[in-house]
Each structure stands twice: as structure tokens, then as C-alpha cells.
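Visitor: I'd like to go through this model and hear what stands behind each label.

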Amino acid sequence: MLYKRLALAEMVTWTLLILGMIGKYAFGLEWATTVGGSIHGFVFLCYAVTTVLVWVDKRWSFGTGVLGLASAIIPYATYPFERSVEKRGLLDGPWRLGSDEESPRGVHEKLVASALRSPVLALIVTVVVVAVVFSLLLLAGPPTEWFS
């Protein structure tokens, strides 16, 4: 359910970003891309983090995981991707690493298991990390200016 909601939120924020770009370039509203882009950037980072968690927990193939991450880069692709993995049963069941029934293998599974077993702490850490990355990206300026 969380993954579906984030996929939908990512699509909505693409709309905000596109409307912001229209506002900026068609009507001179400089603030429009800042607002739309900021909201979209934050949701994008949250979707990416969740995609990695689901990828590790559900043991998606490398290709499926990369496609999940790439779907956030293509406007409106997150929801069709989520529907696709849902139909294929790749989101079925509870969090595998969230219980003590299965021992995590490898560092990546141990990190995910620890996050799932302490969700409040994981949420706080995730929000802080996303906020720091988000702030650094804001300092870097618009992506169109990164390599200028």
C-alpha cells in the first residue's frame, strides 16, 4: 500500500513540476518551478528509498530494481511500474525481513531488516537523510545548471 501511494504521489508531483515549468516559462512565475520542483524532488527521493527497500526485501532481480528506480525519472511511469510488479506478485506478502523468521543475508539485507524492525527510528533516519540530500540538491541549484 505504501509503495502504491508513493507511486501515485510521484505522478502527482510530476504534474506539479510540469505546471511549475509552464508557469515559469509561459507566465514568468519564477517561483513556480521552485515550489513544484521542491515537492517533486522530495517525493522522488522518498520513492527511490522505498523502491530500494522493497527491492531488497522482496528480492527483486537487478533489472526489476533498476527499472523501478528508472520509472521515477520518466514522467508518470511509477504507477504503471507499480501495477506491473503488483500483477506479477512481486509485492505480495508482508515484509520478509521485518520478522525474526528469516535471517538477513548480506549487509544490504541487514540494513533493511534493521529498518523494518525499528520503523520509527528508520523513518526518522530516512527523513533526516532525505532532508540532507534534498538540501544539498537545493544548494546545487537546478539540474539544468549542474554542468554549466
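Guide: Here is a short chat about burial, cores, rings and one helix.

Guide: This is a predicted model, where local features need pLDDT of at least 70, side-chain atom pairs count only at pLDDT 80 or more, and totals for chains, interfaces and linings use all residues. Residues are numbered from 1 along each chain as its sequence is written, and side-chain values use heavy atoms, with hydrogens and water left out.

Visitor: Why is threonine 78 called buried?

Guide: Buried means under 20% relative accessible area, exposed over 50%, and partly exposed in between (1.4 Å probe, protein chains only). Threonine 78 has 0%, so buried is the word.

Visitor: What makes the side chain of threonine 78 and the backbone oxygen of alanine 7 a polar contact?

Guide: The cut-off is a pair of N or O atoms within 3.5 Å; within protein, one must be able to donate a hydrogen and the other to accept it, and residues adjacent in sequence count only if both atoms are side-chain atoms. Here a polar atom of the threonine 78 side chain lies 2.7 Å from that oxygen. By contact (heavy atoms within 4.5 Å), threonine 78 also touches Glu10, Met11 and Tyr47, among others, not counting residues up to four places away in sequence.

Visitor: Why are phenylalanine 42 and phenylalanine 134 called an edge-to-face pair?

Guide: Rings of Phe, Tyr and Trp (its six-membered ring) pair if their centres lie within 6.5 Å; planes under 30 degrees apart count as stacked, over 60 as edge-to-face and the rest as tilted. This pair has 6.0 Å centre to centre and 85° between the planes, which fits edge-to-face. The two rings sit in helix 2 and helix 6, 92 residues apart.

Visitor: How do you know that phenylalanine 42 is partly exposed? And is phenylalanine 134 buried or exposed?

Guide: Phenylalanine 42 comes in at 32%, so partly exposed is its label. Phenylalanine 134, at 18%, is buried.

Visitor: What makes the buried residues of helix 5 lie on the same side?

Guide: Helices are DSSP runs (H or I, at least four residues), numbered from the N terminus. In helix 5, Glu109, Val112, Ala113 and Leu116 are buried. They cover an arc of only 100° around the axis, so they share a side; the arc is that of the directions from the helix axis to the C-beta atoms. Val107, Lys110 and Leu111, on the other side, are exposed. Helix 2 and helix 6 are among what covers the buried residues.

Conventions:
Helices (H or I, at least four residues) and strands (E, at least two) are DSSP runs, numbered from the N terminus.
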